[in-house]
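Biologist: I should like to learn how to read the features of a structure in which chains meet. May we work through one case together?

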Amino acid sequence: MGDAPEPDDDKPDAEADGGVRAYTVRLELVDEPGELLRALAPIADNGGNLLSIHHERGNITPRGHIPVEVDIECPPDRFDGIVEALRDAGVNVIQAGEEHYGEEINVILIGHLVETDLSNTLSRIEDEANAVVQDLSLAAPDGTEAVASARARLAVNSGRSTAVITAIRSIGTDKDLTVVEPLVGGEA
Amino acid sequence: MDLAILGAGDVGRSVADLAAEYGHDVVALADSTSAAVDPNGIAVQDALEHKVGGEPVGTADPEDVFDTGYDVLVEATPTTLGDAEPGFSHVRRALEADRHVVLANKGPVAERYEELRALEAESAGSIRFEATVGGAIPVLSTIEDCTPQAVTAVRGVLNGTANFILTRMAAEGLDYEHVLAEAQDLGVAEADPTFDVDGTDAALKFVILANVLADGGFALEDATVEGIQSIPGSALGLAAEDGRTIRLIGEATRDGIRVGPRLVPENGALAVTGTRNIVQIETRNAGSLHSSGRGAGGPETATAVLSDVGRLPSL
């Protein structure tokens with residue numbers, strides 16, 4: 001992918017001609033052969049035209065995934081279908097277009113994380129708080145039976161941080177977990 | 001101005017010690033059991049030596065202080081919660097006698113703000129309390145300069161002990177109990193650090209700030225407060241993975257007060273290290289202002305008291 005053009009931040013995201021618009025989709029791929037090709041197929045299959053791929057091989061997420069940024073163009077009414085097809089194919093879509101998941105927040109959860117079913121906690125964060133868990137880091141220096149800490153990086157819709165944090169706080173109260181929230185607002 | 005100082009702890013003694021440098025006379029200095037009183041000015045160094053040596057501050061009774069011809073009562077007795085006594089009664093007596101009061105004691109301003117303002121309205125004297133929030137840092141005078149109406153929120157770190165503990169935990173990867181013991185050895189944490197680590201001390205300061213912004217209406221019971229005792233060292237390690245750290249952050253707005261451990265950018269303004277304090281004053285027209293400095297200590301807090309004395313009109 002060495003000759004792929006670098007994504008241009010200044011590129012207008014509207015393409016007037018023929019009602020086709022350009023979109024940027026951010027994916028996280030498992031580091032396995034064929035994964036990139038598999039992720040791109042649903043785009044073409046659903047009427048998207050691939051403009052550029054920025055494959056950040058050197059920049060592996062803490063979860064061991066490789067971030068990939070794909071610029072595509074398609075008629076606006078096809079875009080949601082493309083994102084859905086990607087997700088149906090098991091591709092991890094982090095960000096799609098401008099308005100989706102425009103903000104990222106971190107929270108730290110502290111307590112008996114394993115005993116209180118960490119996997120259920122994360123599902124509840126995704127469902128009740130309407131956030132996407134992008135990355136999870138767990139520290140249990142005294143074993144999983146003891147008090148452990150987890151940091152979750154969440155993608156949330158723009159302007160929804162406060163609502164998401166409020167929802168996570170109530171999940172924390174339910175499960176008797178300490179929630180260390182980010183300071184939202186002000187120039188921290 | 002002639003100062004009568006109630007309370008001979010670190011702050012009261014430092015006010016007495018530095019008063020002359022700021023052009024003021026000390027006519028009384030009292031602790032809870034005795035007082036040095038002289039309308040022509042007490043021998044400050046003698047009184048301080050007595051106190052530090054464990055002897056009575058002077059030969060007079062603490063009650064005699066109120067009969068002295070003072071201009072400003074400096075209320076520097078220990079902070080108490082609830083009815084904020086005996087500090088509140090000290091302030092009331094001075095105001096009823098038409099004298100000024102400068103407080104270093106947080107109790108009356110946090111717990112009984114409206115009553116203080118009502119007493120002030122009936123008095124020729126006024127009250128000031130810069131020293132109750134952020135020690136040496138000019139917080140309340142900055143808000144006063146911006147006018148409280150133009151300040152939308154105040155956030156920050158206003159407890160040096162909790163900040164020291166979190167800083168050490170992050171730097172050394174140690175757990176809370178270990179670092180607390182170290183802080184006690186260093187004299188950074190008191191033998192009973194409860195109010196510092198459970199957020200109460202910081203909350204009192206943010207309650208005072210909310211009272212200033214909203215012109216009253218808040219007491220400690222209105223604040224949502226969480227401490228740092230349940231933060232393990234591993235949580236600070238996780239925060240650092242993403243360029244963040246945890247600080248005990250308070251927030252005061254007209255809608256309420258919240259104090260608790262929060263994630264902040266590791267290199268951001270609010271992530272001060274050690275015992276340092278910081279406040280961020282969010283204004284409507286001037287963006288955010290940050291002031292950082294020493295939030296505690298005798299001489300540091302005394303400078304805030306003496307700056308307040310300097311702002312008082314003559315009676």
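Modeller: The turns below treat the interface and then the strand pairing. Please note that this is a predicted model.

Biologist: How many residues of chain B are in contact with chain A?

Modeller: In general, the size of an interface is often given as the accessible area lost when the parts come together. Here a count of residues serves: 26 residues of chain B are in contact with 19 residues of chain A. At least two residues each come from strand 7 (151-157), helix 11 (233-241), strand 9 (244-253), strand 10 (256-265) and strand 11 (276-283) of chain B.

Biologist: Which element of chain B gives the most to the side that touches chain A?

Modeller: Helix 11 of chain B does, with six residues. By character, the side of chain B that touches chain A comprises 14 nonpolar, six polar and six charged residues.

Biologist: Which strands of chain A and chain B are joined by bridges, and do they run parallel or antiparallel?

Modeller: Strand 8 (residues 178-182) of chain A is joined to strand 10 of chain B by two bridges, and these strands run parallel. A:E181 has B:R262 as its bridge partner in strand 10 of chain B.

Biologist: Which strands pair with strand 3 of chain A?

Modeller: In a regular strand the side chains alternate between the two faces of the sheet. In this case, strand 3 (residues 65-74) of chain A pairs with strand 1 (residues 21-30) of chain A in the antiparallel sense, over ten bridges. Within strand 3 of chain A, A:D71 stands opposite A:T24. Strand 2 (residues 49-55) of chain A also pairs with strand 3 of chain A in the antiparallel sense, over six bridges. There A:L50 stands opposite A:I72 in strand 3 of chain A.

Technical notes: Residues are numbered from 1 along each chain as its sequence is written. Chains are lettered from A and ligands numbered from 1 in the order in which they are written. This is a predicted model: local features need pLDDT of at least 70, side-chain atom pairs count only at pLDDT 80 or more; totals for chains, interfaces and linings use all residues. Two residues are in contact if their C-beta atoms, placed from the backbone, lie within 7 Å. Helices (H or I, at least four residues) and strands (E, at least two) are DSSP runs, numbered from the N terminus. Ala, Val, Leu, Ile, Met, Phe, Trp, Tyr, Cys and Pro count as nonpolar, Asp, Glu, Lys and Arg as charged, and the others, Gly among them, as polar. Two strands pair if DSSP finds at least two bridges between them.
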